[in-house]
Amino acid sequence: MDAIVKFLEKHQPLFDKISRNIYLVAIKDGFLSNMPIVLFSSLFLLLSTLPAYVGITLPSEVLDFFNKIYAYTMGLLGIMVAGTTASSLAMSMNRRMPSGKSLNPTSCMVCAMCGMLLLSVTNDVVSIGGADTSVFETGYMGTKGFLAAFVAAFLTVNIYKVCISHNVTIKLPKEVPGSIAQSFRDIFAFGFSILACAFIDLASRKLLAVPFANLVSALISPLFSAVDTYPGMALIEGAVALFQFMGIHGASVVMSPINAALYGNTVTNLEVFQAGGHPSIALTQDFTSFIGGLGGSGCTFIVPIILIMFMRSKQLKAMGKASIIPVIFGVNEPVIGSAQRCGVRGGACPASSLS
């Protein structure tokens, strides 16, 4: 055990560097910014499915209403994640830009959302009521399009960085209002980003006859199929715990790159269930949140209970009471942060309080 601890301590700078990687941070922030969508839309998914389990049949109009809310929130999550990921990455990238030059996070966000659509959405013409109607194939606008969303976000921000750094912009006189000048300043960066996404998707469709989003999913699906085993899931959760042990937020490092597959597997299970089948994919966001990481990525579900029931220190009992509700919902930062401030790790709390 001592050898393992020494090895981890020796390589902690590397782990710290990984956890601070601006691309991983952007993915994490991109997801967190959209959590209201996930939480809110999930409520309507429950309302449309749970009544059937207790023998209640809802009117079709009510079910259509619930499903519409779910489809136009969770069903568009991929587009939203593309935008928020690009915005977060642009703000991080600005810290590395030369003095006097910066990226416009809002413009990057809009551009990434457009690029994600180009990489993932197919436009078809169908007959509706006897008339030809142009429609979007929406399958990759949601969680299935996450990888395309990340590609669009990263590509957009880096193209913006190159254009702004090398003054590939349209400069207007100082008398022009700032908002208007900013719009013209981003025209080249926006155009190059959109064209890059369009050409990538065009190449994918011409060479392999699939949209880029489908191509990426097909290429990595064998990898995630191999991980969807007991040893594979143990490896993932063990890696999260390992980083937590090193004082690094494990979920940010390990889960961010595979969140696309986790949410995609959840949607696949839902489709199988709605078709009357038995969902068989275990490696999902629900598993990692409510089973593998019970109480948060630090698995601290039991800690507040121990503090409340067995500690004699009023300080520790108060810490347990303050953190038990967040921990129940998978947020363990309050109990970890409180423990560090209290000095449990540093030995500042009296020994008698820990008995």
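# A walk through a helical chain

A polar contact of 2.5 Å links the side chain of Asp201 with that of Arg205. That is a good place to begin a tour of this predicted model. Asp201 sits in helix 10, which covers residues 187-208. Is Asp201 buried or exposed? With a relative accessible area of 7%, Asp201 falls under the 20% cut-off, so it counts as buried. Setting aside neighbours within four places in sequence, Asp201 is in contact with Leu118, Leu119, Pro211 and Phe212.

Now let us step back and view the whole chain. How many helices and strands does the protein chain have? There are 18 helices and two strands. The chain has 355 residues, and 39% of them count as buried. Among the contacts with a separation of 6 or more, 66% join residues that are 24 or more positions apart.

Next, look at the nonpolar residues inside. The largest nonpolar core has 19 residues, and those with the most contacts inside it are Leu89, Met93, Leu103, Cys108, Val157 and Tyr160. Which elements give two or more residues to this core? They are helix 3 (22-33), helix 6 (77-94), helix 7 (105-120), helix 8 (146-165) and helix 10. Helix 8 provides the largest share of this core, with six residues. Follow Tyr160 for a moment: not counting residues up to four places away in sequence, Tyr160 touches Leu103, Ser107, Cys108, Cys111, Asp186, Ala189, Phe190 and Ser193. Another core, of 16 residues, lies apart from the largest one, and its members include Met116, Cys197, Phe212 and Ala213. You have met Phe212 already, as one of the contacts of Asp201.

Helix 7 also holds Leu117. Leu117 has a relative accessible area of 30%, which lies between the 20% and 50% cut-offs, so this residue is partly exposed. Which residues does Leu117 touch, not counting those up to four places away in sequence? They are Ile79 and Met141. Try finding Thr138 as well: Leu117 and Thr138 are 21 residues apart in sequence, and their C-alpha atoms are 9.6 Å apart in space.

Let us move on to an open space in the model. The second largest pocket holds about 630 Å³ of space. Its lining is made of 23 residues, and Tyr70, Ala71, Met74, Gly75 and Val267 lie nearest its centre. By class, twelve of the lining residues are nonpolar, nine are polar and two are charged. Helix 4 (35-53), helix 5 (60-71) and helix 14 (259-274) each supply at least two residues of this lining.

Helix 14 is also where you will find Asn269. The relative accessible area of Asn269 is 12%, under the 20% cut-off, and therefore Asn269 is buried. Leaving aside neighbours within four places in sequence, Asn269 is in contact with Pro279, Ser280, Ile281 and Thr284.

The last stop is a loop. Where does Asn167 lie? Asn167 is in the loop between helix 8 and helix 9 (178-185). Asn167 has a positive phi of about 60°, although it is not a glycine. At 41% relative accessibility, between the 20% and 50% cut-offs, Asn167 counts as partly exposed. So the tour that began at a buried aspartate, Asp201, ends at a partly exposed asparagine, Asn167.

Note on methods
Residues numbered from 1 in each chain as written. Predicted model: local features only at pLDDT ≥ 70, side-chain atom pairs only at ≥ 80, totals over all residues. Heavy atoms only, no water. Helix = DSSP H or I, 4+ residues; strand = E, 2+ residues; numbered from the N terminus. Buried < 20%, exposed > 50% of the residue type's maximum accessible area, 1.4 Å probe, protein only. Polar contact = N/O pair within 3.5 Å; in protein donor to acceptor, adjacent residues only side chain to side chain. Contact = heavy atoms within 4.5 Å. 1 Å grid on protein atoms, 1.4 Å probe; cavity = no way out; pocket = protein on both sides within 12 Å on 5 of 7 lines; lining within 4 Å. Points joined across faces, edges and corners; volume = space filled by probe spheres on them. Nonpolar A, V, L, I, M, F, W, Y, C, P; charged D, E, K, R; others polar. Core = buried A, V, L, I, M, F, W, Y, C linked by side-chain atoms within 4.5 Å.
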